[in-house]
Amino acid sequence: ATATGTDVQDHDHHGIRQVLRELGVEATNAAWSTGLVWGGQGNAQTRAIHSPTDGKLIGSVAFATVDDYEQVVQKAQEAFQTWRTVPAPKRGEIVRQIGNKLREFKEPLGKLVSYEMGKILQEGLGEVQEMIDICDFAVGLSRQLHGFTMHSERPAHRMYEQYHPLGVVGIISAFNFPVAVWSWNAMLAAVCGDVSIWKPSEKTPLVAVAVQHIIKDVLRENELPEGIFNLVIGDAEIGAAMAADGRVPLVSATGSTRMGKKVGEVVGARLGRALLELGGNNAIILTQHADLEIAIRAIVFGAVGTAGQRCTTTRRVIIHESIFEDVKARLLKIYPNLPIGHPLQDGKLVGPLIDTDAVQAFTKALEAVQKEGGKLLIGGEVLSGAGYETGTYVTPALVEANNAYHTVQEETFAPILYLIRYSGDVENAITIQNGVRQGLSSSIFTLNMREAEAFLAHTGSDCGIANVNIGTSGAEIGGAFGGEKETGGGRESGSDAWRVYMRRQTNTINYSTQLPLAQGIKFDF
Ligand code: UN1
């Protein structure tokens, strides 16, 4: 399979040209024969990718067609035949090498994540670290992947279960974590004996290309077959093809609830597996027993970190009325001083939104919430002038609002934080916290153990993630990541999330000379 390369303009802003060179993304019309298709062939449509940070052209990428996808699936299927026969710990060894390569390339890759997506360098590096962490996790996992043994009701019988590789795993990832979320899926899939096909966000294809180059080197060094890790850069039609494709037993999709519903429907119609990680509407509860020093830190990181573009971003703070004014005043002291600007510039904490469509959604949501009675306390401007020419930089907004507002019920992928007042006991705050359609992440700040336990109890938070004295974002990879309700129900990353990437088989073995039937059934003839 062939791929066309990127044309990199002769620019050297922030050393990006050097970064692209180091990552091998620069090659023009390079042809790879490793099944690592990352773009269309021949007459494919080429698209220019501009940085949201300064609007400059980073490169152009050929977008794949459904025909290209078809070739990739075939390659992937072929590779699966070999890969599944490699012992799991040996597969883990390959993932270990990938992790080491990621360590080697952490700086340039983190920088490219930052430049192409717009998150600050610290977070770009953190994203690569998250990839390294999941590699380490997957290596250990590769010596486990264990099932249970059970006791048979029949004499001289043995019963146990085992997990077998599933096949081709489709991965649809979003722009906001353009490489880490892929790695959660791809590294687990790999140790599980699966091959994967990655359709990254069309907004952030270059980091995907960079990662694919890193993977390609490891595969070549180990003389592994084509198509263990595949990359198809394309539009929604590629995701749609994957969702409908019976040769892809599992489709893992991260993104909006709208997209996830479509994928879930199509995969469900063919009784395939869909792992969905969709929208969040994450809240932090502050009770009158909160340690406000740490709570405020968590709120600010959760609300303005990644410019409000994490699925775990803090979107609502539910504050006890007795401390509402205090919390508001503290936030109003911090918000005007947030350093907003180019994410590769030292000291900046808030970068741009991904594009001007996102800025429009931000502005519209603020208009709408004010119409509903919300009070904009600060922020909400689109910055202009030197350094902000792209029109993608905004000032994070604080809005006093009511949980019932239509706008508050929606996930706007931007830095808008709704301050919501509650009175009475913690149950009232929990009701508000659960009173949205999404169910990803949630937190409570309290030093009162009754309140904390009430929040964690089955009658407490209804989210997939529930934290105490920690914010809603920034989960470690060791835990299962995902959420309930419209978040889609899927779990990725740590704990036993790997099970969905394998097929479970129950085995019963008779080592006697009789054939007793279960349930004591007599069937004599
Ligand atoms: C996402 O926004 O899709 O918990 C993933 C976090 C990160 C992952 C976010 N570790 O915020």
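Start at the ligand. Its shell holds 4 nonpolar, 5 polar and 2 charged residues (Ala, Val, Leu, Ile, Met, Phe, Trp, Tyr, Cys and Pro count as nonpolar; Asp, Glu, Lys and Arg as charged; the others, Gly among them, as polar).

This is a predicted model: local features need pLDDT of at least 70, side-chain atom pairs count only at pLDDT 80 or more, and totals for chains, interfaces and linings use all residues. Numbering runs from 1 along each chain as its sequence is written.

Select Glu 130, Asn 176, Phe 177, Val 181, Thr 254, Arg 310, Cys 311, Thr 312, Ser 473, Gly 474 and Ala 475: these surround the ligand, each with its C-beta atom, placed from the backbone, within 6 Å of it.

Next, select Ala 138, Met 187, Leu 188, Val 251, Val 317 and Tyr 501. Within the largest nonpolar core, of 148 residues, they touch the most other members. Such a core is a set of buried Ala, Val, Leu, Ile, Met, Phe, Trp, Tyr and Cys residues joined through C-beta atoms within 7 Å; buried means 20 or more other C-beta atoms within 10 Å of a residue's own. Helix α6 (residues 180–191) supplies the largest share, 10 residues; helices are DSSP runs of H or I, at least four residues.

Apart from this core lies another, of 6 residues, including Cys 311, Leu 440, Cys 463 and Ile 465.

Finally, color by pLDDT, the predictor's confidence in each residue, from 0 to 100. The protein averages 93, and 94% of the residues score at least 70. Residues 1–11 stay under 50, and so do residues 27–37. Where pLDDT is low, the predicted coordinates should not be read in detail.

Technical notes: Two residues are in contact if their C-beta atoms, placed from the backbone, lie within 7 Å. A residue is buried if 20 or more other C-beta atoms lie within 10 Å of its own, exposed if 12 or fewer, and partly exposed in between; C-beta atoms are placed from the backbone. Helices (H or I, at least four residues) and strands (E, at least two) are DSSP runs, numbered from the N terminus.
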